[in-house]
Amino acid sequence: GHTVLVMEDTGGVSLTRLMDQRTLALDEALSIAVSLARCLVQVHDQGVLHRDINPANVIVDPETIVVA
């Protein structure tokens, strides 16, 4: 009777860690923002509401694609 949410290990890094390592170029920051928006649209379309969007909860893979 428990509901759980499981997220796969994608091998990326958190946006917090990425920003701690270096300053993001404008085109990279925009790419991350657009990718994050697309991810949120996909999950919202499935009825999922993410209530804690922050850089620590955004994972970016090596190709600068937000994976959630």
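**Chatting through a predicted model**

Q: Leaving aside neighbours within four places in sequence, which residues is L18 in contact with?
A: Those are V13, L24, E28, I32 and V60, where contact means heavy atoms within 4.5 Å. Do keep in mind that this is a predicted model: local features need pLDDT of at least 70, side-chain atom pairs count only at pLDDT 80 or more, and totals for chains, interfaces and linings use all residues. Residues are numbered from 1 along each chain as its sequence is written, and side-chain values use heavy atoms, with hydrogens and water left out.

Q: Cool. Which residues make up the largest nonpolar core?
A: It has 9 residues: L15, L18, L24, I32, L36, C39, V58, V60 and V66. A nonpolar core here is a set of buried Ala, Val, Leu, Ile, Met, Phe, Trp, Tyr and Cys residues joined through side-chain atoms within 4.5 Å; buried means under 20% relative accessible area with a 1.4 Å probe, protein chains only.

Q: And which elements give two or more residues to this core?
A: α1 (15–21) and α2 (26–45) do. The largest share, 3 residues, comes from α2.

Q: Switching topic, what pattern does the protein chain follow along the sequence?
A: The pattern is β-α-α-β, with 2 helices and 2 strands in the chain. These are DSSP runs numbered from the N terminus: helices are H or I with at least four residues, strands E with at least two.

Q: How much of the protein chain counts as buried?
A: That would be 22% of its 68 residues.

Q: What does the C-alpha trace span along its principal axes?
A: About 45 × 20 × 20 Å.

Terms used. Buried means under 20% relative accessible area, exposed over 50%, partly exposed in between (1.4 Å probe, protein chains only).
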